[in-house]
Amino acid sequence: MKKYTAIFIIACLFAGTLLQAQTRIRVNNTPGVDADYSDLQEAITNAGEGDIIYIESSGIPYNGSYHVDEPYMTLIGPGYFLSMNDSTQANKSPVKIENLYVDETATGTTIMGLMIDEMYVDAGNVNITRNHIYRVNVCHSSSATDLNLYCNYITYMVYVYDGKISSGGIYNNIFKTNQRAISSGENSSLNIYNNVFDVYYGGTVLDVRNANIKNNIIYNSFYSYEPFIDANPANGNNVAYNVICQPELTQFPNNVWDVAIEDVIVYTTGGSEKKYILPDGSPAIGAGENGVDCVIFGTNTPYVFSG
């Protein structure tokens, strides 16, 4: 009994040391606001491994480029579409960052609740969640091993350079774009689950290789008959349990094909995010793998309004 008591005490002391080592830092670039930093890059540079940086609401954008280079750091903002949804904070201003780089040394970084124009990810085991992002560039100067991109609102695309990612999870995101949504090379391996692709683009929506594509809703309003993906078997894609608003590609039989988007989601009556709720009788209900719904609000990481 004394042995287990001693182990418990040591474990508590160790946990306390970790908690003490984790610094919480406030950043606000609004003149006159009392915060730890007004300069975001200065806050990141002076932070250490495992620190949490809270970037507070501001009407002043963070223009320029910002680099995260320490491992297991977390950047948290207030979210987006804050004036459109209930139960958000009093200050409706988002945190807007022009260019955000997660450098190769920043393994385990988490980015949450921000509005980002361009994001560059070169580290492994990075979590990008609940952000509003224009474009995500993966492995543009290094070879990352994995990526977790989930519950984001993406308005342009995700681009994986040279296929240099061995394990990637892209799930529960809204892609509202007039461009190809995801592009990756032949050496990549992506799991693309439970997303909504609401695209207006005159080409393939997904230009990917060796990908598992399941439980998604896919709609391209530009060309109804433009295939959403190259069906060449040599690409090695597994496409199943999706709801696709296009005529059937016979190479991928285990999907729901050729349905009207207005029957699948609320669409015309909802707002920027709420229109992706499933109405009663939607063909996406129960259409996913193992009978789950094809919906961004499902699974263990459901999409959250406003991030």
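# Exercises on sheets, rings and charges

Glutamate 289 counts as partly exposed, at 26% relative accessibility. Keep that residue in mind, as it comes back in the first exercise. One thing before we start: the model you are looking at is predicted.

**Exercise 1. Which residue does the side chain of glutamate 289 meet in a salt bridge, and which parts of the chain does the pair tie together?**

Step 1. Look for the partner: it's lysine 214, with 3.1 Å from N to O. The cut-off for a salt bridge is 4 Å, so this pair passes the test.

Step 2. Place both residues. Lysine 214 belongs to strand E18, while glutamate 289 sits in the segment after helix H3 (261–264), so the salt bridge joins parts 75 residues apart in sequence.

Step 3. Check the surroundings. Buried means under 20% relative accessible area, and lysine 214, at 11%, is buried. Glutamate 289, as we saw, is partly exposed.

**Exercise 2. Find the strand that E18 pairs with in the parallel sense over three bridges, then work out where both strands stand in the open sheet.**

Step 1. E18 covers residues 212–214, and its partner here is E20. In this pairing, isoleucine 213 stands opposite valine 239 of E20.

Step 2. Zoom out to the open sheet, which has ten strands with parallel pairing. Read off the order: E1-E2-E4-E6-E8-E10-E12-E15-E18-E20. E18 sits between E15 and E20.

Step 3. Now look at the ends of that order. Strand E1 (24–27) and strand E20 (238–240) each have a single partner strand, so each has one side without a neighbour in the sheet.

Step 4. Add the twist: on average, neighbouring strands of this sheet are turned by 10° against each other, direction ignored.

**Exercise 3. Follow the pairing from strand E11 to E13 and on from E13 to E16. Which side chains of E13 and E16 meet in a salt bridge?**

Step 1. Start with E11 (residues 153–160), which pairs with E13 (residues 174–177) in the parallel sense over two bridges. Isoleucine 154 faces phenylalanine 175 of E13 across this pairing.

Step 2. Move on to E16. Its pairing with E13 is parallel too, over four bridges, and valine 196 in E16 is the bridge partner of isoleucine 174.

Step 3. Bring in the charges. Side chains of opposite charge can pair when their charged atoms come close. In this case lysine 176 and aspartate 198 form a salt bridge at 3.2 Å, N to O. The lysine lies in E13 and the aspartate in E16, so the contact ties together parts 22 residues apart in sequence.

Step 4. Compare the accessibilities. Lysine 176 is partly exposed at 31%, whereas aspartate 198 is buried at 3%.

Step 5. Look for one more member. Lys275 joins Lys176 and Asp198 in a network of salt bridges. The charged end of lysine 275 also sits over the ring of tyrosine 267, 4.8 Å from its centre.

**Exercise 4. How many salt bridges are there, and which residue does aspartate 207 bind in one of them?**

Step 1. The total is five salt bridges.

Step 2. The partner of aspartate 207 is arginine 209, with the closest N and O atoms 3.0 Å apart.

Step 3. Aspartate 207 has a relative accessible area of 23% and is partly exposed. Arginine 209, at 23%, is partly exposed as well.

**Exercise 5. Stacked or edge-to-face: how do the rings of tyrosine 200 and phenylalanine 222 pair? Then do the same for phenylalanine 297 and tyrosine 303.**

Step 1. Set the scene: the structure has 13 aromatic pairs. For the angle, planes over 60 degrees apart count as edge-to-face.

Step 2. Tyrosine 200 and phenylalanine 222 have ring centres 4.7 Å apart and planes at 70°, so they are edge-to-face.

Step 3. Find them along the chain. Tyrosine 200 is in the loop between E16 (196–199) and E17 (206–207), and phenylalanine 222 is in the loop between E19 (217–220) and E20, 22 residues apart. Tyrosine 200 is partly exposed at 46%, and phenylalanine 222 is partly exposed at 32%.

Step 4. For phenylalanine 297 and tyrosine 303, the centres are 6.2 Å apart and the planes at 85°, so this pair is edge-to-face. Phenylalanine 297 is partly exposed at 26%, while tyrosine 303 is buried at 4%.

Key
Residues are numbered from 1 along each chain as its sequence is written. This is a predicted model: local features need pLDDT of at least 70, side-chain atom pairs count only at pLDDT 80 or more; totals for chains, interfaces and linings use all residues. Side-chain values use heavy atoms; hydrogens and water are left out. Two strands pair if DSSP finds at least two bridges between them. Axes are lines fitted to C-alpha atoms, for helices over the stretch in contact, and angles run from 0 to 180 degrees between N-to-C directions. Rings of Phe, Tyr and Trp (its six-membered ring) pair if their centres lie within 6.5 Å; planes under 30 degrees apart count as stacked, over 60 as edge-to-face and the rest as tilted. Buried means under 20% relative accessible area, exposed over 50%, partly exposed in between (1.4 Å probe, protein chains only). A charge sits over a ring if NZ of Lys or CZ of Arg is within 6 Å of the ring centre and within 35 degrees of the ring normal.
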